[in-house]
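Reader: Show me the model first. Then I have some quick questions.

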Amino acid sequence: MTKTKYLIIGNSVAAVAAVSGIRQVDADGDITLISRETQHTYSRPLITYLLGGKVGEEQMAYRPADWYEKSGVNTMLGTEVTHVDPEAHTVDTAGGQTIGYEKLLIAVGGTPIVPRDVQGADAEGVFTFTTMDDADAIANYIEEREVRSAIVVGGGLIGLKSVEALIELGISTTVVELADRMLSATFDETASTLAQRRLARAGVEVRTSTTVAELLSENGRVVGAKLTDGETLPCELLIFAIGVLPATGIVQGSGIDSDRGIIVDDGMRTSAEDVYAAGDVAQARALLCGTNRCIAIFPNAYRQGIVAGRNMAGAEAQWEGGLVMNSVTIVDLPTISVGVTEALGEGYEELSQLNEVALSYRKLVLHEGRIVGAVFVGDIDRAGIITGLIRERIDVSEIRDVLMSDDFGLISLPAAYRERVLSGTVNRR
Ligand SMILES: Cc1cc2nc3c(=O)[nH]c(=O)nc-3n(C[C@H](O)[C@H](O)[C@H](O)COP(=O)(O)OP(=O)(O)OC[C@H]3O[C@@H](n4cnc5c(N)ncnc54)[C@H](O)[C@@H]3O)c2cc1C
């Protein structure tokens, strides 16, 4: 029998999971993996700790050094794909190569947004923060220029991840956020306030309802930023963390359907035959609303990669739907938000508990007897159980009154669901 020729574009969570998915079904097929980045597969969220000096490059690996070899994967690292041609079953690279495939996975993640219309955005000392190369470049710049002050533009997840590293390095940091509060996409107002308070205690200033209008430079190097509210802030380093867009560029003009991301069905199939997409680049079905959305988080990328890989190899795997979930530690304050974090109108109910002094907060959002979202700040102990109830869409009407109690736990769950949890038949994702 001839071997199937698999091609994977990407070398991160979704790509690695897809290799596992393929190998669960097909031990012999030829797998080639192409990645623009030159590094061995690494864990992207760890770039915070790399920049902060808490981990070295050798601890960044997402899989052991011999993983490609043991998984039978040929790698083409440092190779950028520029175009996909589904009709010819080929991809083109920036180096002028054309590579054929029988089954293709696009797992190229996202591209950080840099506002090119902001004057001075091309100055030295201006960075984004999504790759190991970014972390290395920022670390080198800080060392060479003896940087003591920084501005982080954007108070979302990636902004906070860079702030965490800058705090570790003792750099005086100001966050500039266009919305009226930080983490507005994933937190409710109370949680944002607590997060800002924790940052303030760590010496981080947060400017909200404003953004950078122009960057100031001297000798080609950034020295400050003019804000839209008229104020000017000095800085020696500036990081843009204003969002990441799914990297759909390689499918432009290919006929593959894309919207914000590449549109996929529950088998991670794109609109083109034999072409799959997974991870941050994919626009797949969301669990709670049922429509296709890009939910750019690690666990979704992993699970989508497995589904894609298995299906590429001929199995029948189904995507169970993505859940928005963010877990971020703000200095030393653990936080988790899941699903809908604010009542969306009639029929919604919110249950919450707040201890402002301890910076501790728990909130559940309910809709028609089910929990559809939660926010945890400080006290995250029950986040796993609650996430399970959300994911499995368990009717919690009969346990509503104990949901917020301090001793809420496995024993409080509806009996039939508890049996499933204890017998391991609930997928603990
Ligand atoms: C600083 C930071 C912290 C984060 N923290 C968390 C967290 O705490 N929890 C969480 O759930 N998520 C977190 N995330 C998000 C998480 O890292 C992503 O959801 C995840 O990495 C997505 O995986 P992916 O495989 O889809 O794509 P990516 O990890 O983006 O990888 C894309 C791959 O494609 C390659 N590639 C891209 N374009 C091309 C091309 N044209 N040709 C060839 N190769 C290409 C890249 O080199 C790379 O290997 C964080 C992200 C960042 C940046």
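**Strands, ligand shell, domains and loops**

Reader: In β20, which residue is the bridge partner of I262?

Author: This is a predicted model: local features need pLDDT of at least 70, side-chain atom pairs count only at pLDDT 80 or more, and totals for chains, interfaces and linings use all residues. Residues are numbered from 1 along each chain as its sequence is written. Strands (E, at least two residues) and helices (H or I, at least four) are DSSP runs, numbered from the N terminus. The partner of I262 in β20 is A282.

Reader: Do β18 and β20 pair in the parallel or the antiparallel sense?

Author: Two strands pair if DSSP finds at least two bridges between them. β18 and β20 (residues 282-285) share 2 bridges. Their sense is parallel.

Reader: Which strands stand at the edges of that sheet?

Author: The sheet is open, has 3 strands in the order β18-β20-β21, and shows mixed pairing. Each edge strand has a single partner, so one side of each lacks a neighbour in the sheet. The edge strands are β18 (262-263) and β21 (292-293).

Reader: Which strands stand at the edges of the sheet with 5 strands?

Author: Its order is β22-β23-β26-β25-β24, open and antiparallel. Each edge strand has a single partner strand, so one side is left without a neighbour in the sheet. These strands are β22 (325-330) and β24 (348-355).

Reader: How many bridges join β23 to β26?

Author: β23 (residues 333-339) and β26 (residues 370-377) run antiparallel. S337 has V375 of β26 as its bridge partner, and I336 stands opposite F376. The number of bridges is 5.

Reader: How many residues of β23 are buried?

Author: A residue is buried if 20 or more other C-beta atoms, placed from the backbone, lie within 10 Å of its own; with 12 or fewer it is exposed, and in between it is partly exposed. β23 is mostly covered. The buried count among its 7 residues is 5.

Reader: At what angle to β26 does α8 run?

Author: Helix α8 (residues 383-391) lies across β22, β23, β25 (360-367) and β26. Axes are lines fitted to C-alpha atoms, for helices over the stretch in contact, with angles from 0 to 180 degrees between N-to-C directions. Contact here has C-beta atoms, placed from the backbone, within 7 Å. The angle to β26 is about 155 degrees.

Reader: What is the phi of V331?

Author: β22 and β23 form a hairpin with 2 residues between them, and V331 is in the turn. V331 is partly exposed because 16 other C-beta atoms lie within 10 Å. Most residues other than glycine have a negative phi. The phi of V331 is positive, near 60 degrees.

Reader: And what is the phi of H89?

Author: H89 lies in the loop between β4 (81-85) and β5 (90-93). It counts as partly exposed, with 19 C-beta neighbours inside 10 Å. H89 is not a glycine, yet its phi is positive, about 55 degrees.

Reader: How many residues of the shell around the ligand are nonpolar?

Author: The shell holds 35 residues, each with its C-beta atom, placed from the backbone, within 6 Å of the ligand. The closest are S12, P45, G109, G279 and F298. Ala, Val, Leu, Ile, Met, Phe, Trp, Tyr, Cys and Pro count as nonpolar, Asp, Glu, Lys and Arg as charged, and the others, Gly among them, as polar. Beside 10 polar and 6 charged residues, the nonpolar count is 19.

Reader: Which domains each give at least three residues to that shell?

Author: Domain bounds come from an automatic or database domain assignment. That assignment gives three entries: domain 1 (5-110 + 245-312), domain 2 (126-242) and domain 3 (332-422). At least three shell residues come from each of domain 1 and domain 2.

Reader: How far apart are the C-alpha centres of domain 1 and domain 2?

Author: In the contact between them, 11 residues of domain 1 meet 11 residues of domain 2. The domain 1 side divides into 5 nonpolar, 4 polar and 2 charged residues. The centres are separated by 30 Å.

Reader: Which residues does R181 touch, leaving out those up to four places away in sequence?

Author: R181 sits in the loop between β11 (172-177) and α6 (189-201). It is partly exposed, with 18 other C-beta atoms within 10 Å. R181 touches E189, S192 and T208.

Technical notes. Contact = placed C-beta atoms within 7 Å.
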